[in-house]
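Work through the following exercises with the sequence and the structure at hand. Each task is followed by a solution in steps.

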Amino acid sequence: MKMSKMHIRTLREVPNEAEIPSHILLLRTGMIRKLVSGVYGFMPLGWRSLRKIENIVREEMDATGAQEILMSAVQPAELWQESGRWFAYGPELWRLKDRNGRDFCLGPTHEEIFTDIIRNDVSSYRQLPMNLYQIQTKYRDEARPRFGLMRSREFIMKDAYSFDRDYEGLDVSYKTMYDAYDRIFTRCGLTFRPVEADTGAIGGSNSHEFTAISEVGESEIAYCPKCSMAANVERADCRDAEPTPDSVEMLPVEEVHTPDTKTIEDLAAFLGVKTEETIKALLFVKYDEMGNEDGYVAAFVRGDRELNMIKLVNALGIPEHAIAFADEVAMGAKTGAVGGFTGPVGLHDCTVVVDSELPGLKNLVAGACRKDYHLKNVNYGRDYKGDIVKDIKVLKEGDPCPVCGEPVKHARGIEVGQVFKLGTKYSESMGATYKDENQEEKPIVMGCYGIGVTRTLAAVVEQHHDKDGIIWPVAVAPYHVIITLMKPDDEVQLALAEKIHDELSAKGVEVMLDDRDERPGVKFKDADLLGIPVRITVGRMAPEGKVEYKLRRDAEKVEMTAEEAVKAAAALVEAER
RNA sequence: CGGGGUGUAGCGCAGUUGGUAGCGCGCUGCGUUCGGGACGCAGAAGCCGCGAGUUCGAGUCUCGCCACUCCGACCA
């Protein structure tokens with residue numbers, strides 16, 4: 001393809017809306033174009049790379065026996081009401097009405113639609129297992145879109161849904177998808193890590209997310225340098241502190257005057273105790289489906305711990321958007337809580353959630369539910385108890401690995417894919433059943449599997465760039481080779497460049513020929529910015545049939561004949577495409 | 001949703017005490033250049049985010065709204 005005929009527009013300067021490398025480079029190369037916040041279009045080069053990723057996904061999905069279909073993005077509210085997610089999905093669900101006032105949404109994911117298809121089409125165990133997928137535009141009305149393709153409101157996703165007779169079948173389907181994801185992200189050139197993950201609004205029992213390692217990623221993962229434990233921090237189990245030995249006596253509760261000790265640090269310093277010897281309170285208000293207040297929650301963790309919101313809402317069995325920090329005064333009036341001085345003793349009329357390690361710890365300091373006072377020697381069972389006792393704390397860097405005890409490490413990453421064992425959550429609520437050999441009606445056991453295709457594109461750029469531009473892996477590069485033609489009006493040079501172009505094209509190599517009437521510097525800068533893996537420069541050595549051959553990822557430039565360059569480029573592309 | 005910032009030519013930006021808008025890049029034409037973002041000359045291009053208000057006069061002052069963006073809340 002001649003570059004003089006292509007719609008390419010590179011930017012010399014950094015657009016002021018972009019902060020991170022992938023966003024900056026995708027805009028500077030002109031591969032994407034923003035329409036409004038969180039909504040992007042794809043220009044020719046961007047679309048080519050995106051299609052490369054799509055096709056890798058498609059090839060690997062097809063290889064597992066999954067079948068591609070395409071469902072509509074517009075979905076009727078009824079299906080979501082049936083599954084219970086019209087409320088549970090929250091404000092991120094992009095809702096709309098038709099002219100008659102009927103409710104619809106733009107699909108953020110398609111569990112309901114696929115379950116609906118299957119409940120109509122499948123009635124016998126003979127039809128299972130089955131896996132259907134689509135590559136389609138999804139919508140999520142993000143509270144705060146950012147970082148270009150990383151978190152957008154409209155994006156392309158591959159979503160697959162597996163349907164099995166039983167949980168053993170689901171395990172097989174899940175493993176098949178997990179392995180396919182491994183191959184997909186490897187082929188895309190990503191450095192990634194599968195980690196255990198929370199199931200969030202999708203639901204189900206079990207989940208892994210595939211995280212492309214990156215400083216700018218929004219996922220925080222914890223992993224063990226010694227064993228195989230790796231999990232999203234939201235999901236990571238914590239090892240409880242060692243219980244206080246039996247030999248330690250429970251001391252009598254003692255109220256102490258502790259003015260101006262609103263924070264745990266103040267309190268510990270004031271009393272001369274460690275933060276580990278205190279209890280921290282966090283107060284929340286719940287909301288019902290109508291958005292009305294629906295009771296208060298007090299969560300307690302050891303003073304030095306951090307509360308894990310995801311674990312808390314999972315313990316409560318409510319969606320995350322149905323809870324918010326409570327107004328201390330309003331909550332205090334009903335429950336006895338006192339801002340900065342709330343403890344588990346003396347609280348009433350609220351759900352008390354106690355972190356799992358607190359019952360084992362004796363003689364702790366906690367708020368007295370009285371301004372400027374704390375209680376010493378508070379003990380679980382004798383002085384307070386929890387309505388729910390569960391691990392609700394954050395696994396912090398350096399904390400012991402829940403599996404082997406080694407101090408864990410943290411890393412950041414971009415979630416490019418996630419797989420879920422849904423079980424019968426949707427098949428039961430929506431009545432998707434089959435008949436087994438014994439005429440028994442049973443719910444279909446489901447799994448679902450997503451890949452953020454547009455986000456994967458951003459992740460690839462995030463991991464493959466330098467100060468001059470993108471460095472595309474061959475497999476997802478918009479073109480494989482760029483021929484940088486120094487003087488397009490020099491007949492010898494032009495003829496040689498076209499010969500190379502035609503020979504490479506004949507071998508199936510994708511070539512762009514920079515025949516633009518630009519100065520060499522501009523062409524070199526653009527070639528680097530665009531990140532085409534192989535650059536063949538046709539210039540002053542053209543009369544001898546020689547060219548310069550350079551890989552974007554290497555600094556080395558090699559002089560060779562045009563024939564050698566064609567052979568080298570074709571071999572590289574063959575090996576890495 | 002809370003807090004901050006910014007809206008002026010396609011992009012990046014300047015615009016003084018209020019007096020009718022400028023710079024760089026890009027774009028068009030001509031010429032000179034031509035292996036790492038050249039130079040000269042001549043041009044085109046702006047509802048100054050939108051709407052009210054103050055004023056003889058508003059890019060500039062006041063109020064309201066909208067959009068974009070950053071931090072947080074939230075979210076996969």
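**Conventions.** This is a predicted model, in which local features need pLDDT of at least 70 and side-chain atom pairs count only at pLDDT 80 or more, while totals for chains, interfaces and linings use all residues. Residues are numbered from 1 along each chain as its sequence is written, and chains are lettered from A and ligands numbered from 1 in the order in which they are written. Helices (H or I, at least four residues) and strands (E, at least two) are DSSP runs, numbered from the N terminus.

**Exercise 1.** State which domains are assigned in chain A, and give the separation of the centres of domain 1 and domain 3.

*Solution.* Begin with the bounds, which come from an automatic or database domain assignment. Domain 1 comprises 15-187 + 420-461, domain 2 comprises 254-390, and domain 3 comprises 479-576. Next, take the centres over C-alpha atoms: those of domain 1 and domain 3 are 40 Å apart.

**Exercise 2.** Describe the surface near RNA strand B, and identify the element that gives the most to it.

*Solution.* First, apply the criterion: a residue is near the strand if its C-beta atom, placed from the backbone, lies within 6 Å of it. There are 43 residues around RNA strand B, of which S37, A201, E320, G521 and G539 come nearest. Second, find the elements that give two or more residues: these are β21 (409-423) and α13 (520-530). With eight residues, α13 gives the most. Third, sort the surface by class: it has 13 nonpolar, eleven polar and 19 charged residues. Here Ala, Val, Leu, Ile, Met, Phe, Trp, Tyr, Cys and Pro count as nonpolar, Asp, Glu, Lys and Arg as charged, and the others, Gly among them, as polar.

**Exercise 3.** Determine which residues of helix α8 are buried and what covers them.

*Solution.* A residue is buried if 20 or more other C-beta atoms lie within 10 Å of its own, exposed if 12 or fewer, and partly exposed in between, with C-beta atoms placed from the backbone. In α8 (residues 309-316), the buried residues are K311, L312, V313, A315 and L316. Their cover includes β15 (293-302), β16 (323-325), β17 (351-355) and β20 (388-390). Finally, look just past the helix: G317 follows α8 and has a positive phi, near 70°.

**Exercise 4.** Is P44 buried or partly exposed, and which residues does P44 contact?

*Solution.* Locate P44 in helix α2 (residues 44-63). P44 has 13 other C-beta atoms within 10 Å, so P44 is partly exposed. Two residues are in contact if their C-beta atoms, placed from the backbone, lie within 7 Å. Leaving aside neighbours within four places in sequence, P44 is in contact with M6, H7 and I8.

**Exercise 5.** Give the order of the open sheet that contains β19, and explain why β13 and β18 stand at its edges.

*Solution.* Two strands pair if DSSP finds at least two bridges between them. The order is β13-β19-β18, with antiparallel pairing. Because β13 (254-257) and β18 (364-370) each have a single partner strand, one side of each is left without a neighbour in the sheet. Four bridges join β13 to β19 (residues 373-378), and E254 stands opposite K376 in β19.

**Exercise 6.** Describe how β30 is joined to β31.

*Solution.* Strands β30 (residues 546-551) and β31 (residues 557-561) run antiparallel and are joined by five bridges. The bridge partner of E548 is E559 in β31. A hairpin of five residues leads from β30 to β31.
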